[in-house]
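I opened this notebook to keep a record of what I looked up, entry by entry. The chain and its coordinates come first, and my notes follow.

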Amino acid sequence: MKILLLPVILVLFSITNNTAQVFKLYTTTDGLSSNNVKCLTTDNSGNLWVGTTFGINKFNGTTFTNYSTAQGLPSNNIKSLTTDASGNIWIGTLNGLSKNNGVGFTNYNITSGLPSNNISCITAASGGILWIGTATIGISKYNGTTFTNYNYSNGLVGNAITALCVDLTGKLWVGTTIGISVFDGTTFTNYNTTNGLPSNSIKALQCDASGNIWIGTTNGLVKYNGSSFTTLTTVDGLLSNSIISLDVDNTDNLWIGYNTIGISKYDGTIFTHFNANNGFIWTALSSIKGLNNNIYAGNSTGLIVFKKLTIPPYRFDYLDTNNIAAGINACGLLFGQPVYTPAQLGGFLVPKNTGASSIYASSVWFGGFDQNNLLHLAAMPYASSVTDIWPGPLFTNTNIYADDSTWNRIWKISKAEINNHILNYNQPGYIIPKSISEWPAPTVDFVDINSNNIYDPQNGDYPLIRGDQAILSIFNDIVGTHASGGLPLGIEVHALSYSYNSIDSALANTVFTNYKIYNYSSNNYSDFYLGMYSDLDIGDAYNDFIGCDSSLSLYYGYNGLTTDAQYGSKIPAQGVVFLSSPMYSFNYYNNSGGVLGDPLTCTEFYNVLNGYWKDGSPYTYGGNGYGGSVYTNYCYSSDPNYSTGWSEVTENNTPGDRRGIGTVGPFTLLAGKVICIDVAFPNAIDYFGNNLSSVSLLKERTSQIINFYNTQGWVCGEIYTDTNTVAHLYTQNPTICKGQPYQLNNIVVGGAPPYTYN
């Protein structure tokens, strides 16, 4: 048996041909007349028609043909579309109704008999009948010759029409802002919350081929089966109760669009979700349409297209086997939920069943100088949309992985799955779980049972992980331009976050991450530092203090007040501890501008990595750490439980929104080599104490975590290149991953000036 710890490069390069796009966004750069898509329909030739706020577009799957008032439309503001049995495209606009018969446009308005020119929705019925809903004056029936109008005075529940559909019996269902009307051709029957609807605000209607009526409301999804209403909500599996669009595809799946992020498929039993966790990042889906094997959705950013049978892997998920639910992203960001959600949320939930979080986001930073003394740097504070880091491994033919289901993803796995695989991989009827079969070996670590240098889990191979549950992410720094302004390093990072299902209080309240950093560039980097950044929001973001204990290589955040909006009086202290290398420096900064605010340029980021304020000034003991005469590597280095020393408590500071960055180094990272760093995120709540006693408990647990780590014997490989014609990289002479030795002093007198560079 052999443990493979590094990829075969030739195999890794060949994987690029297997990448696959999942979600495609079409915009004006692709030919759309406007990015604000309001409605969709399909014609008899298989084209998609897209209504926008600036005309309509016929899409044949490759190109868009645009139509506007210049081609005869009564208005460019398109609000609804439908196709009749004869293949005519009917277009509802802000200034009337239009029909396209494949040759030109025929327009109708109030002079033609419509009750209003503001057309909100349209649907075609049998016998050449067209039903038209208006925004304020009811509905109209068009028989090809004349319009017959109905409104509140005729029995309609309301005049503000939002949705229409015709069921199998020929009855018209009318959605309004104050309920539903069903019209049998003679009489309106009205329904609202008193009849079982969860809301009177109707946003969408869909009549399916089985005779069911689906109703999208602001408070859930309703199914009418011909005799009663049944409401489905988030309790039943919906992503959100605020539904704004519905469609049924050609295999009778119901597609549900929400006002919040995501879209869902419902087969009548199971909800399958596309949302931010697996890469669907769009909100407020104004329209959905199924066409063959594709699903199309529109919103204010453009037209989204994806295969209805493709469920992309998660790009965000939680480690949740112990007392913590820690969110992990594909982009290298720890804990914080993706920034493309409506409001990024803290993702280090502890205790996990409360929803309260103690870390908003965390990430690893890198920086060093090449042979020409040029700075190369990659840093991501928390915004994955403005970053130096991108998902996926590093290839010579660099790809952008934003829509890639092969690499823009995470891999979640448990020790129980691996143990079961080891026992049963060769047993009849055993099915290899995706967590093992899709493990991205040989790019990442695995156990090679038969020593054939191939990852073949059907023959017993399995992922090499730590902990009882783990999530792997892979990212690099060369896909795009660095927002920091730093030159790319050419590194590929494998980040394995893991936790333990343990009754031990320290392990039960800690998340670990192992980073392997591969230098695939031709540069030898000197004065190379790794930094662990964390935005330590202990519940409420704006009432926190921060500090460190260099003897434990620990920095931590704690509440500056005795009560917190999220945690009440039982408030955690949250730590970040370096396990494999001693902490070289610790710096904090505030959510503000100025010299004590966020670093923004590569010079500022590297100064922080190198143990200085972002302007190059040294940290100084006392006060806020800036501008003194006694230099130090560690800010707020005394225990806040003591009345002496240097802490935010002894300085009587005003609590605020603190960020911390601990660093390790300096290293020399040679071309073709790998270094690793092990960190942990311990948490402690003293339920019998207060905000400060939680710091004491945190330090106790940190000591226990360090002792545990030191008993594990984990290794990080040293790399060599063989002399074969085809280069392979293997592990040789594993050693405990340690930084270069240097003296650790809590207070340094004097100190060297910061590095300077062009």
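Are Cys165 and Cys207 buried or exposed? I looked this up before anything else, keeping in mind that the model is predicted, and I found that Cys165 and Cys207 are both buried.

**Entry: the disulfide**

I counted 1 disulfide in the structure, and it is formed by Cys165 and Cys207, whose sulfur atoms lie 2.0 Å apart. For the dihedral about the S-S bond I noted 60°, which makes the link of Cys165 and Cys207 right-handed. I then placed the two ends along the chain: Cys165 belongs to strand E15 (residues 161–166) and Cys207 to strand E19 (residues 202–207), so that the link joins distant parts of the chain, 42 residues apart. I also checked two further cysteines, and Cys39 counts as buried because its relative accessibility is 6%, while Cys676 is buried with a relative accessible area of 3%.

**Entry: the nonpolar cores**

I next asked which residues have the most contacts inside the largest nonpolar core. This core has 61 residues, and the ones I was looking for are Phe366, Tyr515, Leu530 and Met532. Strand E48 (residues 674–685) supplies the largest share of this core, with 5 residues. I took Tyr515 as a probe of the surroundings and set aside its neighbours within four places in sequence; its contacts then include Leu334, Val364, Phe475 and Val493, and also Met532, Ile675, Cys676, Ile677 and Val679. A second core, separate from this one, has 41 residues, among them Leu472, Tyr498, Ala573 and Leu692. As background for this entry I wrote down that nonpolar side chains tend to be buried together in soluble globular proteins.

**Entry: strand E24 and its two partners**

I turned to strand E24 (residues 254–258), which is mostly covered, as 5 of its 5 residues are buried. Which residues point which way from E24? I found Leu254, Ile256 and Tyr258 on one side and Trp255 and Gly257 on the other, and all of them are buried.

On the N-terminal side I traced strand E23 (residues 243–248), which pairs with E24 in the antiparallel sense over 5 bridges, and within this pairing Asp247 stands opposite Trp255. E23 and E24 form a hairpin with 5 residues between the strands, and in its turn I noted that Asp252 has a positive phi of about 70°.

I then followed the chain onward to strand E25 (residues 263–266), which also pairs with E24 in the antiparallel sense, here over 4 bridges, with Leu254 opposite Tyr266. The hairpin of E24 and E25 has 4 residues between the strands, and Gly262 takes a positive phi near 120°.

**Entry: aromatic pairs**

How many aromatic pairs does the structure hold? I recorded 58 aromatic pairs. The rings of Trp255 and Phe274 have centres 5.9 Å apart and planes at 35°, so I entered the pair as tilted. Trp255 lies in strand E24 and Phe274 in strand E26 (residues 271–274), so the pair links distant parts of the chain, 19 residues apart, and both Trp255 and Phe274 are buried.

For Phe335 and Phe348 I noted ring centres 4.8 Å apart and planes at 80°, and because an angle over 60 degrees counts as edge-to-face, the pair is edge-to-face. Phe335 sits in the loop between strand E31 (325–329) and strand E32 (348–349), and Phe348 in strand E32 itself, 13 residues apart; both Phe335 and Phe348 are buried.

I also found a cluster in which ring pairs link Tyr588, Trp613, Tyr619, Tyr621, Tyr626, Tyr636 and Trp646. Looking for a charge over a ring, I noted Lys24 over the face of Tyr26, at 5.3 Å from the ring centre.

**Entry: the sheet that contains E32**

Since E32 had come up with Phe348, I looked up its sheet, an open one of 3 strands in the order E30-E31-E32 with antiparallel pairing. Strand E30 (316–319) and E32 stand at the edges with a single partner strand each, so one side of each has no neighbour in the sheet. E31 and E32 pair in the antiparallel sense over 2 bridges, and there I found Ala325 opposite Leu349.

Notes. Residues are numbered from 1 along each chain as its sequence is written. Side-chain values use heavy atoms; hydrogens and water are left out. A nonpolar core is a set of buried Ala, Val, Leu, Ile, Met, Phe, Trp, Tyr and Cys residues joined through side-chain atoms within 4.5 Å. Buried means under 20% relative accessible area, exposed over 50%, partly exposed in between (1.4 Å probe, protein chains only). Contact means heavy atoms within 4.5 Å. Two strands pair if DSSP finds at least two bridges between them. A disulfide is a pair of cysteine sulfur atoms within 2.5 Å. Rings of Phe, Tyr and Trp (its six-membered ring) pair if their centres lie within 6.5 Å; planes under 30 degrees apart count as stacked, over 60 as edge-to-face and the rest as tilted. A charge sits over a ring if NZ of Lys or CZ of Arg is within 6 Å of the ring centre and within 35 degrees of the ring normal.
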